[in-house]
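Visitor: I would like to take a close look at a single part of this protein. Please guide me through it slowly, since I am new to reading structures.

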Amino acid sequence: KDLIQADKNSKSDPYAVLLYGKQVEKTKVIPNSHEPQWNHEAEFDVPDGDERSFYIEVFDSDKVGQDTSLGNLTLDITDVLSIDGKDGQWFPLKGVKSGKVLLSADFIDELGRNASEILPSILKGGDPNDPYGLSGRKDSTDPSNKSGYPSGLGGNREGENLPQGLARINLIKAKELIKSDMIGKSDPYAVLSYGKQKQKTKVVKNTQEPQWNHEAEFDVPDGDSRHFNVEVFDSDKLGKDK
């Protein structure tokens, strides 16, 4: 919005070019407008070499002569990742008296990680699939690291070198549970366990589709344990829970 008027006799015909590393994207041209709406979705593979900056330049498309620049914008990768998942943010164009572009960004990771989890490795020029730089380390029980796993994340000594932290699991709901009572529906609850730690949800009465919304926290590591176990029970007033 608020783009400068490049043509004396009419409004501009703006389009934008987006660059990151060797990757280039171009929007469509919006004729006769100072407030173009492109709704252009550009996808860039991250990282791209040592490149840290995204570059955007808006042009006025001219049928005769060279297209005129309507301003440009350079964003560090941290600025782009900071708007991950947000509705959008206005950024002022440089090199001109006025003009802004509205940007939104979504970080998509094959392993389901969010932007903050791999940002440190990207900023150091490392491998985003190894954010803590573990792939080059060798396990003392496996000097050749023939296991193919990063040391401490799948080596021979299970759990010993897992990074210390807090695992937070949100058990939301269940559906299509079996009917354990001949008369009436079940009264289900769930037990979550990791190592010696256990958490129990509330009991939701008379349903096969309980919604617990239970947030469980576990200290990691816990001995040699590498597995989280979740078991659902039917709460019975008489006898053993099923």
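With which residue does Glu-217 form a salt bridge, and how far apart are the closest N and O atoms?

Guide: Please keep in mind that this is a predicted model. Glu-217 forms a salt bridge with Arg-168, and the closest N and O atoms of the two residues are 3.0 Å apart. Glu-217 belongs to strand E10 whereas Arg-168 belongs to strand E7, so this pair ties together parts that are 49 residues apart in sequence. As background, side chains of opposite charge can pair when their charged atoms come close.

Arg-168 takes part in another such pairing, because its side chain also meets that of Glu-215 in a salt bridge, with 3.5 Å from N to O, under the rule that a side-chain nitrogen of Lys or Arg lies within 4 Å of a carboxyl oxygen of Asp or Glu. This second pair again links distant parts of the chain, with Glu-215 in strand E10 (residues 211-220) and Arg-168 in strand E7 (residues 165-173), 47 residues apart. Taken together, Arg-168, Glu-215 and Glu-217 are linked in a network of salt bridges.

It is worth asking how far these side chains are open to their surroundings. Arg-168 has a relative accessibility of 51% and therefore counts as exposed, the cut-off being over 50%. Glu-215, at 49%, counts as partly exposed, and Glu-217 is likewise partly exposed, with a relative accessible area of 35%.

The count for the model comes to 3 salt bridges, and one of them joins the side chains of Arg-52 and Asp-76, at 3.0 Å from N to O. Arg-52 lies in the loop between E2 and strand E3 (53-60), while Asp-76 lies in strand E4, so this pair ties together parts that are 24 residues apart in sequence. Arg-52 is partly exposed, with a relative accessible area of 33%.

That pair leads us to a sheet, in which 4 strands are arranged in the order E2-E1-E3-E4, forming an open sheet with antiparallel pairing. Its edge strands are E2 (23-26) and E4 (68-76), each of which pairs on one side only, and the twist from one strand to the next averages 15°. Strand E1 (residues 14-20) is joined to E2 by 4 bridges, and Leu-19 has Val-24 in E2 as its bridge partner.

Within strand E1 we also find Tyr-15, which has 8% relative accessibility and therefore counts as buried, since the cut-off is under 20%. The side chain of Tyr-15 makes a polar contact with the side chain of Asp-67, at 2.5 Å. Leaving aside neighbours within four places in sequence, the residues in contact with Tyr-15 include Lys-26, Trp-38, Val-58 and Asp-67.

Val-58 also appears in the largest nonpolar core, which has 24 residues and in which Val-58, Leu-73, Phe-91, Val-101 and Leu-103 have the most contacts. E1, E3, E4, helix H1 (77-82) and strand E6 (100-103) each supply at least two residues of this core. Not counting residues up to four places away in sequence, Leu-73 touches several residues, among them Phe-54, Ile-56, Phe-91, Val-101 and Leu-103. A second, separate core of 12 residues includes Leu-162, Ala-167, Ala-190 and Tyr-194. In soluble globular proteins, nonpolar side chains tend to be buried together.

Definitions and conventions. Residues numbered from 1 in each chain as written. Predicted model: local features only at pLDDT ≥ 70, side-chain atom pairs only at ≥ 80, totals over all residues. Heavy atoms only, no water. Pairing = 2+ DSSP bridges. Axes fitted to C-alpha atoms, helices over the stretch in contact; angles between N-to-C directions. Buried < 20%, exposed > 50% of the residue type's maximum accessible area, 1.4 Å probe, protein only. Contact = heavy atoms within 4.5 Å. Polar contact = N/O pair within 3.5 Å; in protein donor to acceptor, adjacent residues only side chain to side chain. Core = buried A, V, L, I, M, F, W, Y, C linked by side-chain atoms within 4.5 Å.
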